[in-house]
Amino acid sequence: MHVLATAGHVDHGKSTLVRALTGMEPDRYAEEQRRGMTIDLGFAWTDLPSGPVAFVDVPGHERFVTTMLAGVGPVPAVLLVVAADEGWMPQTGEHVDALVALGVRRGLLVVTRSDLMEPELAVEEARERLADTPLAGIEAVAVSAATGAGMGELRAALARLVEGLPAADDAADVRLWVDRAFTIRGAGTVVTGTLGAGRIKVDDELELATAVGRRRVTVRGLQSLGADVSRVRGVSRVAVNLRGVPRDAIARGDALLKPDAWLAVSTLDGRLVGLTGFGDVGGAAGDGGAGGGGSGGGADAGGASRAGTGGAGTGGAMATGVGVDADTLPEELMLHVGSVATPVRVRPLGTDTVRLRLGRPLSLRIGDRAVLRDPGRRVVAAGLVVLDVRPPELRRRGAAAARAAALAEMTGRPHASGELARRGLVRRLDLRAMGVPVADLDALGPATAGWLIAPEVAVERAAALADVLAAHDAADPVDPGLPVEAARRAAGLPDTRLIEPMLRLAERTDLVVRDGRVSAVARKGTPAALQAALRSLRADLDAAPFAAPDADRLAELGLGPRQLAALVRTGELLRVADGVVLLPGADDKALAVLAGLGPEFTLSEARQALGTSRRVAVPLLELLARTGRTARTPSGGHRIT
């Protein structure tokens, strides 16, 4: 299937044209049919040799611009309708402004009511107006829906148009902008929208993103072109029956998403683009991957369209392809993207870059296109290409200027290495949700605990860790090294599992992670005072290997808990229990002594054989049992295993 939108001035015959093409009535409401004017979005479809084509029929009256934008937002091509007897009108230009801002480059110019006046003048005028826009050169067809003249040529031109449209990405993450929501008796809540890419099937679990949050929903049923189907894929018009979702929980502008694949964006940085200056900036218009449907529209203050006029002032600048000056924008505008419109606060950063704070969270990616519109003056202020959906805070003096310089280098096409270099440390899933292609992410190598770290950041963070470690060891030589949690904090890492990958990336072979601690490989040795205490302790234990020094003797030697822990950690002593230490290998020597007591022995016999006290014998036997070298007997004694 292919999906096209109509566009053009009110009462130029858009709905009549769709009706003649499809045999279906796009105006659903009695009020629309009574007044002969489209108020809400209408939908119809027809079959061409290449397959079905669906039409989103949008209202042309200036009071319904927001509705019009919701219809054209996710659609890749347009039927631009101009009446032969009236020619180019202000709302025609407003709609073209919206399409240009959206980045739409494909379509047909359809001159209607050719039975009322020769169409050549209308075609010529429209071509002049479109000359400086991406829609310059689109094929033109003159028709009369009343007489049927030209309808065959129009169908042939439609076939040529849709054959040239790019294929949708079936593997793209689903993002279906909701343009209608209603209830069907016996079925429940149904939403409709244009699926730009990806696939949806019955029983899929999706994420419903609304103005107040997100929730998981299940697809109960699907329809496309009026028929029940088990699955749909982009590009297509689709109706989705949702299980267990009340009608008042969903509205136009909400979105159905692939779960956990889209960020909720409240702040973004973007590039302003003049209405005829889009060129190849950012991703292609569409609704999958990094490219996202954006929309907008407006006329200048005098009511005349800016599209293609090349006039003075803001409109002239846009028409010549010059970027919009961010400083000229109002502080508050409306952002239109997909089927949603939300107020935004605008902060200029560079000449053509801005930071937007959104009135509601939206599911956006780098490269998405949108429109900034001033509803008070009824003008399209600018098009927008999204550059960053997770921008850094601007808290320090000069941060905005530095950010503007960084944004000037961004293209609106997400690239894994560039995004990682800018962010330094980022979750792999977040990069994917920003629109970075999976193949690019795979080229970065495997993530650790879900995180990726840039080499430059690894060097910086490892150096910070080394500094903290050196200061710690200098201040406390008895207890060298840092526990991994302390090392994580020193390096500013979100997970201790990132320490070793960071050290490898930074090529810090002077630091090592061992036994839950980060230590310097080159050691300065045990402090002199501690060495002297250790020599005295060794002399005591050489004379009586199992007579662990008591607290008084340890205090006399200056061996407190921290000193003992340091000697145990370096293998100089064996810890049997708190405050009970022996020389390394004492446990093996004890086992050899106990083996001479026979097949079974008591605690008292062991104590006497070892020449020690109960304070030492009990934990020593527990250590031997814990390490599987002795076992308790049914009579309560001990035996060698």
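Is threonine 194 buried or exposed, judged by its relative accessibility? In this predicted model, threonine 194 has a relative accessibility of 1%, and it counts as buried because the cut-off for that class is under 20%. Threonine 194 is found in strand β9, which covers residues 188–195, and its side chain makes a polar contact of 2.9 Å with the side chain of arginine 237.

Salt bridges are the next topic. A search of the whole structure finds 35 salt bridges, and three of them are listed here with the distance between N and O atoms.

| Acidic residue | Basic residue | N to O distance |
|---|---|---|
| Aspartate 540 | Arginine 553 | 2.8 Å |
| Aspartate 587 | Arginine 629 | 2.9 Å |
| Aspartate 588 | Arginine 629 | 2.7 Å |

In the salt bridge between arginine 553 and aspartate 540, arginine 553 lies in helix α16 (residues 551–557) and aspartate 540 in helix α15 (residues 528–543), so the pair ties together parts that are 13 residues apart in sequence. Arginine 553 counts as partly exposed at 22% relative accessibility, and aspartate 540 is also partly exposed, at 31%.

Arginine 629 meets aspartate 587 in a salt bridge; aspartate 587 lies in helix α18 (residues 586–595) and arginine 629 in the loop between α20 and β30, so this pair ties together parts that are 42 residues apart in sequence. Aspartate 587 is buried, with a relative accessible area of 13%, and arginine 629 is buried as well, at 18%. Arginine 629 also forms a salt bridge with aspartate 588, a residue of helix α18 that is 41 residues away in the chain; aspartate 588 is partly exposed, with a relative accessible area of 46%.

Finally, a network of salt bridges links Asp269, Arg355, Asp388, Arg403, Glu419, Arg422 and Arg423.

How values were computed: Residues numbered from 1 in each chain as written. Predicted model: local features only at pLDDT ≥ 70, side-chain atom pairs only at ≥ 80, totals over all residues. Heavy atoms only, no water. Helix = DSSP H or I, 4+ residues; strand = E, 2+ residues; numbered from the N terminus. Buried < 20%, exposed > 50% of the residue type's maximum accessible area, 1.4 Å probe, protein only. Polar contact = N/O pair within 3.5 Å; in protein donor to acceptor, adjacent residues only side chain to side chain. Salt bridge = Lys/Arg side-chain N within 4 Å of Asp/Glu carboxyl O.
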